[in-house]
Every structure is written in structure tokens, then in C-alpha cells.
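Student: I would like a close look at a single part of this model, namely one of its chains. Please take that chain through its make-up, its dimensions and its packing, and add what can be said about domains elsewhere.

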Amino acid sequence: MLHFLLFSIFGAIAVAGAINLLMQRHPINSALSLIAVMASLAVEYLLLGAEFVAAVQVIVYAGAIMVLFVFVIMLLNAGEEERTDGSRVAALFGIPAMLVGAVLVAWTLLKHSGTGEVALGALPGAPTTIGWLLFHDYLLPFEVTSILVLIAIMGAVVLAARPEATAQRPRKEGA
Amino acid sequence: MVPLSYYLILSGILFSCGVVGFLIKRNLITIFMCIELMLNGVNLSFVAFAAHWHALSGQVFVFFVMVVAAAETAVGLAIIIAVFRTRETLNVDQVNLLKL
Amino acid sequence: MTPNLHLWLIPVLPLIGAAINGFWGRRFSLKTVTIVAWAFCGAAFAWALYVAARFPSLSTPHVEYLARWIHAGSFQVDYSFYLDQLSLVMLLVVTGVGFLIHIYSAGYMSEDPGYSRFFCYLNLFMFFMLTLVLASNYLIMFIGWEGVGLASYLLIGFWFTKDSAASAGKKAFIVNRIGDFGFLIALFLLIKHFGTLNFDGVFQAISGMGVEKSGAGLLTAVGILLMVGACGKSAQIPLYVWLPDAMEGPTPVSALIHAATMVTAGVYMVSRSHMIFERAPIALMVVAIIGTLTALFAATIGVAQTDIKKVLAYSTVSQLGYMFMACGVAAFSAAIFHLMTHAFFKGLLFLAAGSVIHGLGGEQDMRRMGGLRQKLPWTFWTMTAATFAIAGFPPFAGFFSKDEILWRASRVSLAYWGIGVFTAFLTSFYMFRLWFLTFFGDYRGERAMTVETVQTSPVAHSTNPHRLDAHVPAEHGGHGAIHESPPVMLIPLIILAVLSVIGGWVGVPGSLGGRDRLDQFLAPVFHSTIPAGESQGMPPEQRTEGAEPGAGHSQELIYTGISVGAASLGLFLAWLLYVRRPKLPQEIAQGLGRFYEAVLNKYYVDELYAVVFVKPLIDGSTRILWQGFDQGVIDAAVNDSADGARHISDTVRHMQSGNIRSYAAWVALGAGAVIVYMIWMGVR
């Protein structure tokens, strides 16, 4: 019961944040909504017993990535969106199609939900266990990911650098 | 006890919001944030399934998704900065040089 | 064991000559080209003589197999050659006269820039004609048939830069093709019903068949269709229209192809197929009627013509009509006899006319000739022999052959005989008209009359008059004087003149004391093979070819006398109108008014054909086939498919707008479609 209640509350917060992200005109408002979404998702993870993932979500996603977003918004002084003519295809096809798709998925899931239930804290994801997996079974992807991050760092530096000037560097983040 | 399908529906809603936002928003940064929203929705799905099947690989995969998302965000925002420098605008409709 | 005479050499030797002159002739000197052409043609003639010498020891028909060709199931056609009396006669005529004309052409064409091309074509013609004559099956004969048509086209249009010559060549070939279509259908019928085209095979199969009385049978159809082919090749009504136009070609061509050899191919073919015709009386009658009418028709046109070559052309059509008249009354050996003598005197007439034209520097209009017998003595005397021969005066060649035909025709129907005699009168009239206008009276032309001695080698005239403007009066200046032709041109004339005189003596009929040797020689070929009891309904002469009833001798002599009388009447009338009272023809012409105009304009047949056949075909082809189908359907299909592709891509390119959001929308759409599909598959 408690599980369901907590799930609903934070699920509602997440959806509300998502919709607010769409409705806001200023990007900074959208960014803050997204932070709210991420926070509530972290709680959902906790409800599922994924402690490590929840922690990483808050630290990395909400704490680093979104901060990066906010920095860039402030750097570029992105203002409110103007009302210009956009893609008619998007309005005409994309949104209704996606809505239809979502409804379809939901309907199917509910119709055929012999999928069982998930208990509160069903799978405790302790850091120890996850670490063990990372360094044993998933060692190769782990190492490759580190190279990926290295490349991302270099790419970001090169792309964002001012021509013949190194005065301002955007923050980069690692895992 | 929450049925798995509820988690999946929540995940689906978040994902759909991400797609819709991607389609209707005009600011480059906002579009990027919608991408992040989509990724988050997918992450939730992964964790839910991991809990359902008692397989920790799901959570490990979420870990990797976050790493990649971080890298992608860094590079993507760098690109946006570069584009802003040349175009002086963040309106995606005006970044349309790749056309016939 | 039949000896192998290598008959294939006879056609192949001229082919080699044609190839040599065709590929390298332009680099050779005139002399080399001449020697090559003469050598190969002469070699063919020599070999033909050799074959003739060996002939008595052969059993006929003598067939020589050269190579395999078509073996399709039970149908077989091979390259093989056939020698019997008939083909031997044709062989000697073709190679002999052909060789003489090769010699003549060396002089006549000596200044033409297309000299080597001319001899290449001439040799090529010899190859095809000899193939036709020596063929042992209808298909090889058809190859020769088509080939001589090709050679004729090439040679008529020899001076192809001249519009009229090119058109004449086309006309000849196209009209020939119409006839060939009939020939082909006949071949198909033969294949269908007899399964073979070999002479031996077909004739063997036919020999068991009876006479088709009612005329609705296979052999009647084949016969009539073969006659259609012959009408095209041998210029009979209604397909004769190409022959007068063919005079655009050089005169040796007219002599060889359109007088002596190619046009006689039809007669040869009908004679070769005599077994078919003997069993199809209706077809035979068609042949006789066409021949007779053509003879008369062409003779009437010839009377009014002013161009010397045109007169001879219509005369050829008329004489061919005689040959078909003979075939039509089943007097095949008489037809071949006349073919042979006609080759002599008509070939001679054309060559002599060429000599006159050459001597006058290109003049062909008889109204501008006259009084030439002192200037061109050799030409005059040889042409005289030929003229008397064609008119049918004894003891010249034409008398015996023409009389034989008239006598045999009278046995079947006096109508044939009557028309034949009247045509003989017209023949004599227009030939002597030609003779008088050309050689007698005052010279009416514009060239200088100074006499020069006979040249001893082909003269280098400063301009060759009869090259491109054969119809324009002599305005080239050039050497200026009328002169006799060089010996290289005169010697063939003399030889042919001798043949025109004595050539008929192989066929002196019994009524005049001879043994009709030619008829007896050809008898093994033409003896009737109609089963006994079938031939009741046919006139006596159609029963057995070789025998002449002895009781008819006196009647024959009477008829002979009448025809000689007709010829004499023609001569007298010509003398009267063109020597004695030269003003008279003009008055007669004006008196006849429109009728004369019609005759002069060949009864407007060409114009009629143009309106009835040519114009509708061209219009139909233009509007329906070209604009309607080629442009409307095929071009439209290609162009419209290209246009369609362009339109589609024009529409589709709007997808690539550079607008990121529309790209994203398409991606989302696609992804949605995939998801829907997967759900649907999962749900099912």
C-alpha cells in the first residue's frame, strides 16, 4: 500500500515535471523542471531497491549534467523562445502519432499484464554487488566507456574552444 | 505491490513527453533536454525490469547509459555553443543548411 | 560415279573478283582493276565452256553437293548445284554475254571515278546470277534472285549523287520485293506440302499428281505466286514500272542486267517449274495472258518514246512478254530459245546504243541524232544486224525464236497469235524508227561533225559526258567531235552481231527444213510427265513438248509468212514516216492529241501507282506508324517515364528541407510504425 502510494506520488511529480518542461517558454524553467523529474526518478529507483543507481542519478544526472545545462543556458543567454513557423509535419504527424503510440503501448501493457508485480525494494542493488559485476562480467564495456569519456572530453574542448583563444572552457564531467 | 506494467507505463509517458517535446520545441537546448528526458524514461524501464527478473545487469546497464548520456551531453552542448557562435541563434528552424 | 566438275567454281570466281576489286580496287590502277575483273569473269566463262564440253558424258540432272546448310528436322536445304540442259544453256548465255559486257565496260566506264566499284558490282552480279542459274533448290535460287536484285539496285543507282538515279534504284528494288513476296509465299507452300525445296524432291513429289482442272488446287496457287515473283523480276504487268527507270544506270548495266540476264531470271524460273505449271492450267493461262498483254502494252509505249534507251527498255519488257507468252502455252523450249537470241540482239542493241551515246558525248535523245552512219560505221552495221534480228527478219536470230513462239501460241488460241503478230509489227516499227532516226537523215544535234579516225585505245576525254548528266545535250565542249568507239567497245559489238545473225540457226524448225536442234536438246528437261489419261483436255502441243505434228507444216509456213509480212510492214512504215516524209509523225501526233500524250507519258501508270499505292503508304506510315506509334507510344513511354521520375523526385525532395524538426518527425513516425507493427505481431 505504501509502496503504491509512494510510487504514485513521485510518478505524478515526474509526469508533472515532464509536462511542465514542454509548456515552459524559457529554457531555464525547463531545466529546473527536468531536475525535478530526475529527483523523483531517483526516489522511484529507491523504491525498486536500486540504491546505487539512485545515488548516481542524483549525483551525476541531477548534479552534474543538469548543472552543465544551466551553465550553458546562462552562458549563451538563451532567452525566451520566439514564435516562428516550425515544422508542420511535426505538429501534424509527430505529436498525434506519438500520443497514439503511447496509448497503444499502455493499452497493450494493461491488457496483457500477466507480467507480475514488483515488490518494494525487490532487488537490492548494493554498490558492492554492482561493483563486482562491473569489474568482472562487464569489464570490457567499462574500459571502453572510459575511453568514450576521454574522447568526449577532448571533443568538447575542441568544439567549444574559442578560435585562437583558450580563455573560457566549459566544464566537463566524468563518471 | 506495484505491477510491473505501471512502471512501464510511467516510463512510456516520460518517453512520449520527451519525443513530443523534441518535436515541438524550438530552442536547441530545450530539445537537448528532451533527449535527456527520453533517456531517463528508458532508465526507469531498465531498473523496473531488473527488479522484476532479479537480474542486476539491468542496473549495470543503467549505469552505462548514464555515462554515455554524460559524454553525449558534454559534446552536444559544446556543439551547441559552436553553432551559437556562428549563427547567433538557438532557433532550430534557422539551422537548416543541410537541404536541397 | 558422277564426276565432280566443281560447279561451285563458276559462281565463286566472280565473287572473288568482286571481293578483290571491292576491298582494294581503289588502290589499284585502272589496268589492274580491269585485269582482275576480266580474269575472274573470263575464268568463269572458260570453266562454263569446260563444263559444256564435258556435258555429253554426264547423266542429267547432274547434282553436285557442296556444303550443308539448313538441317531443321526433316527439312533440309544444302548448298548444291544442278546441271541439266536448261541450266547449261542459261550458264553459257550468262557467262558469255556477261564476259563480253565486261570487256565493253572497260572502254565505256574508263573515265568514271567509280571504275573499280563498277566492276566490283558487275562481278558481284555475275556471282548471284550464276548462283540463281545453277541452284539445285528453290532456296538457293532465291538467294541468287535476291542477290541480282541487290546488284541491280547498286548498279542502277551507280551514279548515286544524281537524285533520279538513286530513286530509280530504290524503285527497282522495292517493286522487285513485291514480286519476291509472292515468290516467298510460293516457297512456303512448297515447304508445307512437300517438305522440301530441292528440285529433285519437289518434282518427284509432283510427278504423281494429276492435272488440276478446276484451278483451286495447290499447284495453281504455287504457279500463280511464282508468276507474281516473275512479274517483279522480269518486269511484266503490273510490276514492270521499274525497268524504264532503270535506264538511269550506265548502259552496260542496262545491257547485261536489264536485257540479257537478270530480267530473264523470271523466264528461267517459270521454265524450271514447268512441271508445276503443266498441272495447273489456270496458272498457265495467267502466265500467257500477262505475257501477251505486256508484250502489246509495252510495244505501244515504245512507239512514242524519244530517248533511245527508253525505247530499248520498253522493247525489253515487250520481248519478255513474248517469252512469258511462250511459257503460258507450255512452249518452254521456245521461251528459252527466244531468251537466248534476245540476250544476243538486245544486249547488242544496248551496247551499240551506248556506243552512240559515247560517240555523241552523252546525247540520248533521238530527236537530236541523225545521219550518224558515216561517223559511226561499226556501230551502225552491228546495230543494223540487231535491229533486223529483233524485228524478226530471216535468217537473223530473232526470226526463228519469235516465229516458234507465235506458231506454238496459235495452236492454243488465235487471240494470242493475233496480238503477237500485231506486236511484232509494232516492234519492227519502233525499232526501225529508232534505226532511221539515229543513223539516217540529217544530223539534228549540236556537236561538231568532223570525222576522226578510230582511236586505238580508250581515249582520255577531258570530260566524261555520260557520267552524271546523261540526259543533258552535249554542252561540255570536251573534244567536240563525234567519233567512233574504241576497239575495246567495238569487239563485243561485233561478236554479238555475229551471234545475232547465226544464233537462231540452232532452232530452225522442221517446216523450214531444219532439225530444231535446240528444242531437241532441251527435250529431256521439258518432256511432259503428266500421267496418261489426264492430258485429254489439253491441246496437242501440251502433251509432249518435243514433238511437232508433221501435218501442220504448211499452216506453219503461212503463219510465218504473215509475221514476216508484219515485220516488213513495220519497216516500210518507219521508212515512210522518218525518211520519206519526216513531217508526218508530228502531224499524226497532233492529230491524235490526247491519246498521243497518254502514250508518250506511258499511260500515266507511274502516276496512278503513286496515287493509289505510294501516297497512302507514305501517309499511313507517317501518321500512324511514325507519329502515332513511334512518337506517340514509344517516345512517349520513354519521355514520360523520365518526366514521371522527375516529377516524383520534385515532390519527394521537399522532404529534405533542412528542417531538423521535420526530420525528427519522420523518424518518430517511422519508429511509431515499427512499434505498432511489433505490438501487432506480438498480439496475434
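Tutor: Domain bounds, as used here, come from an automatic or database domain assignment. In this predicted model, that assignment divides chain A into domain 1, covering 1-80, and domain 2, covering 125-164. Taken over C-alpha atoms, the centres of domain 1 of chain A and domain 2 of chain A are 23 Å apart. Five residues of domain 1 of chain A and four residues of domain 2 of chain A take part in the contact. On the side of domain 1 of chain A that touches domain 2 of chain A, the classes are three nonpolar residues, one polar and one charged.

The part for the close look is chain B. Its secondary structure consists of three helices and one strand. Read from the N terminus, the order in chain B is β-α-α-α, that is, a strand followed by helices.

As to dimensions, the radius of gyration of chain B is 17 Å, whereas a compact globule of 100 residues would have one near 13 Å. Along the principal axes, a box of roughly 50 × 25 × 25 Å holds the C-alpha atoms of chain B.

As to packing, 64% of the 100 residues in chain B are buried; a residue counts as buried if 20 or more other C-beta atoms lie within 10 Å of its own. Of the contacts in chain B between residues at least 6 apart in sequence, 48% are between residues at least 24 apart.

Terms used:
Residues are numbered from 1 along each chain as its sequence is written. Chains are lettered from A and ligands numbered from 1 in the order in which they are written. This is a predicted model: local features need pLDDT of at least 70, side-chain atom pairs count only at pLDDT 80 or more; totals for chains, interfaces and linings use all residues. Two residues are in contact if their C-beta atoms, placed from the backbone, lie within 7 Å. Ala, Val, Leu, Ile, Met, Phe, Trp, Tyr, Cys and Pro count as nonpolar, Asp, Glu, Lys and Arg as charged, and the others, Gly among them, as polar. Helices (H or I, at least four residues) and strands (E, at least two) are DSSP runs, numbered from the N terminus. The radius of gyration is taken over C-alpha atoms; the globule rule is 2.2 Å times the number of residues to the power 0.38. A residue is buried if 20 or more other C-beta atoms lie within 10 Å of its own, exposed if 12 or fewer, and partly exposed in between; C-beta atoms are placed from the backbone.
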